[in-house]
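Visitor: Could you walk me through this one? I'd like to hear the reasoning behind the labels, not just the labels.

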Amino acid sequence: MSLEASELILNEDGSIYHLNLKPENIASTIITVGDPERVEMVTDFFDSVDFKTQKREFHTQTGTYQGKEITVISTGIGTDNIDIVFNELDALANIDLENRKVKENFTQLDFVRIGTSGTIQPEIGLDTFLLSEIAIGFDSLLHYYESESIQNKEIAAALEEHLKLSDKMASPYAVNCDPELKSIFSNNEKIIGGITATNIGFYAPQGRTLRAARADEQLVEKLMDFQFHGEHITNLEMETSGIYGMAALLGHRAVSLNAIIANRTTGEFSADPHQSVGNLIELTLDMLVSF
């Protein structure tokens, strides 16, 4: 059955609606970054860049690094954008856009997020590299999908009980990273593992106050104190739960790597966050090539 024009939306040139991409423009290995300017930080390491486009906050470049073809795309901030990016990238790989039909042969994509994050544990130092082994989402994205089978319900239930969240707030969900992609990075001595909380905003949802008062003044402290099988929530950011959830739902693999540039418990911030991210990019590329 063909997908309706209102469901699979294409531009006049046949490219997918938001990303402005065609199937031939992407590789099977895709690095996601939040900031559009960070795309070029990644591709500056490439041997060649063969394709570039930008529409809205979605900046895409595809090229090669030491012979490996890689696409780098900016998602902007938040899991609402992740919903767009992952559905449209999957469509490029697994839907015949001309005939508007799902392809018989499935193409699996590998996603690696390179992002920044703040830790809520005092012992985690600035400029540490952290792999999100589990992502906990407070954003409700997965609740709009048939996603029970890919959720880590045990940790989500334990956290909901611990936080005593208002019934006005969405129940948290949790998703594990892909074990195969995890194995590429987890044995590197420069990378630690952790549990990442993905928040729906940057200020009150992450326990910050400027002028608007927070509904829960103890949110960060409660997140910091939570334990699951002896493990703590290590860091806060805004995309990883959506990345893990959408990748798993669509049959793809995903892992999220974080440069820790802030420590919320000590009040410290990295002296050179740009360099920290650059170091993580170079390490990630080298490990992807070895894989």
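**Labels and the numbers behind them**

Guide: Sure, let's start at the surface: the protein has an accessible surface of about 13600 Å², and carbon and sulfur atoms hold 47% of that. Keep in mind that this is a predicted model.

Visitor: What makes the radius of gyration agree with a compact globule?

Guide: For 291 residues, a compact globule would come out near 19 Å, and the protein has 19 Å, so the two agree. The C-alpha atoms fill a box of roughly 50 × 40 × 40 Å along the principal axes. Inside that box are 7 helices and 14 strands.

Visitor: How many of the residues are buried?

Guide: Buried residues account for 52% of the 291. As for contacts between residues at least 6 apart in sequence, 75% of them link residues at least 24 apart.

Visitor: Which residues have the most contacts inside the largest nonpolar core?

Guide: Those are Ile31, Leu89 and Phe185, in a core of 58 residues. Isoleucine 31, leaving out residues up to four places away in sequence, touches Val42, Ile70, Thr71, Val72, Ile73, Val112, Ile114, Leu285 and Leu288. Apart from that core lies another one of 18 residues, including Ile120, Phe138, Ala156 and Leu159.

Visitor: Why is helix 6 called largely enclosed?

Guide: Count its residues: helix 6 runs over 240–250, and 8 of its 11 residues are buried, so the rest of the structure largely encloses it. The buried ones are Thr240, Ser241, Gly242, Ile243, Tyr244, Gly245, Met246 and Ala247. Just after helix 6 comes glycine 251, with a positive phi of about 85°.

Visitor: Why does serine 270 count as buried?

Guide: Buried means under 20% relative accessible area. Serine 270 has 5%, so it counts as buried. You'll find serine 270 in the loop between strand 14 (268–269) and helix 7 (273–290).

Visitor: And what does serine 270 touch?

Guide: Setting aside residues up to four places away in sequence, serine 270 touches Leu126, Asp127 and Ile261. Take aspartate 127: 143 residues separate it from serine 270 in sequence, yet the C-alpha to C-alpha distance is 6.6 Å.

Visitor: Why is glutamine 66 called partly exposed, while histidine 229 is called exposed?

Guide: The cut-offs settle that: exposed is over 50%, and partly exposed lies between that and the buried limit of 20%. Glutamine 66 has 49% relative accessibility, so it counts as partly exposed. Histidine 229 has 63%, so it is exposed.

Visitor: Where do glutamine 66 and histidine 229 sit?

Guide: Glutamine 66 is in the loop between strand 3 (58–65) and strand 4 (68–74). Histidine 229 is in the loop between strand 11 (227–228) and strand 12 (231–237). As for backbone angles, glutamine 66 has a positive phi of about 50° although it isn't a glycine. Histidine 229 has a positive phi of about 50° too, and isn't a glycine either.

Visitor: What makes glycine 193 partly exposed?

Guide: Its relative accessible area is 38%, so glycine 193 is partly exposed. Glycine 193 belongs to strand 10, residues 191–198. Leaving aside neighbours within four places in sequence, glycine 193 is in contact with Leu130, Leu131 and Glu133.

Visitor: Last one: how far apart are the mean positions of the positive and negative charges?

Guide: They're 3 Å apart, taken over 21 positive and 45 negative charges.

Methods: Residues numbered from 1 in each chain as written. Predicted model: local features only at pLDDT ≥ 70, side-chain atom pairs only at ≥ 80, totals over all residues. Heavy atoms only, no water. Core = buried A, V, L, I, M, F, W, Y, C linked by side-chain atoms within 4.5 Å. Buried < 20%, exposed > 50% of the residue type's maximum accessible area, 1.4 Å probe, protein only. Contact = heavy atoms within 4.5 Å. Helix = DSSP H or I, 4+ residues; strand = E, 2+ residues; numbered from the N terminus. Rg over C-alpha atoms; globule rule 2.2 N^0.38 Å. Areas by Shrake-Rupley, 256 points an atom, 1.4 Å probe, with all protein chains shown as cover. Lys, Arg positive; Asp, Glu negative; His and termini not counted. Charge placed at Lys NZ, Arg CZ, Asp CG, Glu CD.
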